[in-house]
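Reader: I work at the bench and would like to learn how to read a structure like this one. Could you walk me through it?

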Amino acid sequence: MLATPTPSLAETRDNAAFDALLWALSRPGLPRDLPEPGEQSIVTALLDRECLVYAADPLLMPEIMRTGAELADINKADHVFLGAMDTSDPLADIIIGSDYYPDVGATVIVRASIGSGPALRLTGPGIDGAVKVQLGGLPDGFWKVRAARLRYPMGFDLFFVDGARVVAVPRSTTVEEF
Amino acid sequence: MSLSTLTKPWEAMSYGFLDGSAKRELRRKMLKSVAVPGCQTPYASREVPMARGWGTGGLQVSLTLVNPQTRVKVIDQGADDSVNAASIRRFISRVAGTPTTMDTLEADLIQSRHRIPEEILREDQVLVLQVPNPEPLRPVQPNMSIARQMHADADYGRMWLQLYEQIVRSGRVMQGASYPSLVHGRHVMTPSPIPRWDVPKLHMAKHLTILSAGREKRIFAVPPYTKVEPLVFSDVPYKVEEHGHLTCTRSGATGFFMNEIPQDDGSSAFEVSDSEWGVKTIRARDGEGESRGETWYKDGEMSE
């Protein structure tokens with residue numbers, strides 16, 4: 001009879017990071033805590049050799065390379081780390097999947113400040129009525145470019161990371177600015 | 001870079017049985033299935049020490065989600081004590097060291113075969129449904145490539161034709177379980193073979209539901225507060241099983257989904273299908289304290 005395995009530190013961290021991501025994605029606009037600040041725990045929880053990754057932030061490269069993921073251009077990558085954005089142009093190249101396989105659409109991780117900046121009103125699955133959230137540090141026209149790219153069910157899913165906090169905006173969410 | 005950074009200490013078994021790459025793949029696919037509610041996402045479906053078709057899909061999702069604090073409940077057709085449920089529950093607690101429970105209100109993660117508990121699930125709970133056949137279009141289109149094209153086109157006319165034919169032939173919709181339902185107004189999914197009674201519980205629910213088919217290697221999800229509408233005609237309303245007036249012979253509970261038990265004299269006895277709800281009702285009746293939570297159905301009617 002085997003002893004019950006105990007989770008390693010890495011396993012605990014990945015499990016907590018995924019729990020935060022899944023919870024955030026199923027409740028768009030509501031922040032959740034990652035086990036540690038930054039994108040590192042997302043990298044280790046999700047990425048391995050099967051992934052094609054684009055990272056705009058060179059500081060993330062060592063962590064991504066350690067997972068064995070392959071680096072790719074932004075128009076091929078299934079996981080896109082944009083870091084802090086100064087222009088909305090990268091959104092134009094992110095893959096959005098196909099009508100056959102919408103799940104091929106990329107997972108996009110962006111750094112933003114949660115709780116400051118322009119107010120947004122989110123509606124859609126996972127949201128009881130509507131939810132208001134402030135996301136700062138995003139370039140002008142970010143939400144317009146996103147709306148122009150989405151062809152539901154095709155699209156990409158956004159995670160905004162601010163320190164250890166994460167807010168998700170999946171493709172199914174309608175975003176209104178005011 | 002040294003060898004020690006590339007390797008891990010030896011373990012007799014990975015935590016939660018599944019290895020790291022299996023978990024990461026499931027995590028990626030789970031995120032995509034939540035992002036596109038009701039859309040079937042293919043995944044690898046690893047081997048687990050259980051035959052395909054006995055809940056391997058649900059088991060893999062549960063093993064990915066659990067940590068040593070997750071309290072797990074497993075039910076099989078409503079019962080916590082059936083062989084399949086007991087085996088899966090014991091397996092999860094053995095390989096992941098999770099506490100287990102039979103109480104719906106205490107559970108963090110509920111893996112279920114073909115029933116949704118009668119008590120309302122909370123925001124912090126996750127329901128994992130085992131799915132034998134994830135493709136609602138299979139009865140009308142056995143070719144899965146063409147079925148995928150039909151999903152891509154939202155071409156669901158034949159689903160209504162199937163229901164129409166049932167009404168013409170039999171006078172009513174004959175679809176008992178796995179009632180095809182439109183999720184978020186876009187994808188038709190099978191809610192797994194839960195009875196019609198349980199489908200309204202998914203509509204705008206507070207909890208996250210993940211449906212996973214291990215044999216068919218597909219995963220899909222219903223996020224909280226998502227529209228789940230059974231396919232109906234405007235002049236033929238959706239009907240749940242007429243169990244609202246039945247009373248459980250063992251607990252005396254009335255107005256819930258019942259199991260019919262044939263008797264020697266040709267009549268039927270009924271007992272409440274959600275076994276833990278029956279146990280709680282008996283405890284309350286015997287004066288051992290009230291532990292029942294709010295239920296979706298009240299007096300046999302789905303509450304708004």
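Author: Happy to; we will take confidence, a helix, the chain contact, a sheet and one residue in turn.

Reader: Before anything else, what does the model score, and how far does that confidence reach in chain B?

Author: A good habit is to check confidence before detail, because predicted coordinates should not be read in detail where pLDDT is low. This is a predicted model, and it scores ipTM 0.97 and pTM 0.95. Chain B averages a pLDDT of 95, and 100% of its residues score at least 70.

Reader: Now a helix. What span does helix 2 of chain B reach, and what would be expected?

Author: In an α-helix there are 3.6 residues a turn, so residues three or four places apart point the same way. Helix 2 of chain B covers residues 20-35, 16 residues in total. From first C-alpha to last it reaches 23 Å, close to the 22 Å expected at 1.5 Å a residue.

Reader: Is helix 2 of chain B mostly covered or mostly open?

Author: Mostly covered: 14 of the 16 residues in helix 2 of chain B are buried.

Reader: How many residues does each chain bring to the contact, and which elements of chain B take part?

Author: Chain B and chain A bring 34 residues each. On the chain B side, the elements giving two or more residues are helix 2, helix 4 (83-96) and helix 5 (144-152). Helix 2 of chain B gives the most, with eleven residues. Sorted by class, that side of chain B has 17 nonpolar, seven polar and ten charged residues.

Reader: Let's try a sheet. Which strands does strand 2 of chain A join, and in what direction do they run?

Author: Follow the bridges from strand to strand. Strand 2 (residues 52-55) of chain A runs parallel to strand 3 (residues 70-71) of chain A, with two bridges between them. Three bridges link strand 2 of chain A to strand 4 (residues 79-84) of chain A, also in parallel. A:Val53 shows both pairings: A:Leu71 stands opposite in strand 3 of chain A, and A:His79 is the bridge partner in strand 4 of chain A. With helix 3 (residues 61-66) of chain A, strands 2 and 3 of that chain make a right-handed β-α-β unit.

Reader: Finally, one residue. Why is B:Ser212 called buried?

Author: B:Ser212, in strand 7 (residues 208-213) of chain B, counts as buried because 33 other C-beta atoms lie within 10 Å, and the cut-off is 20 or more. Beyond its neighbours within four places in sequence, B:Ser212 is in contact with residues including B:Gly57, B:Val128 and B:Ile219.

Definitions and conventions: Residues numbered from 1 in each chain as written. Chains lettered and ligands numbered in written order. Predicted model: local features only at pLDDT ≥ 70, side-chain atom pairs only at ≥ 80, totals over all residues. Helix = DSSP H or I, 4+ residues; strand = E, 2+ residues; numbered from the N terminus. Expected span 1.5 Å × (residues − 1). Buried ≥ 20, exposed ≤ 12 C-beta atoms within 10 Å, placed from the backbone. Contact = placed C-beta atoms within 7 Å. Nonpolar A, V, L, I, M, F, W, Y, C, P; charged D, E, K, R; others polar. Pairing = 2+ DSSP bridges. Right-handed = clockwise from strand over helix to strand, strands pointing away. pLDDT = per-residue confidence, 0-100.
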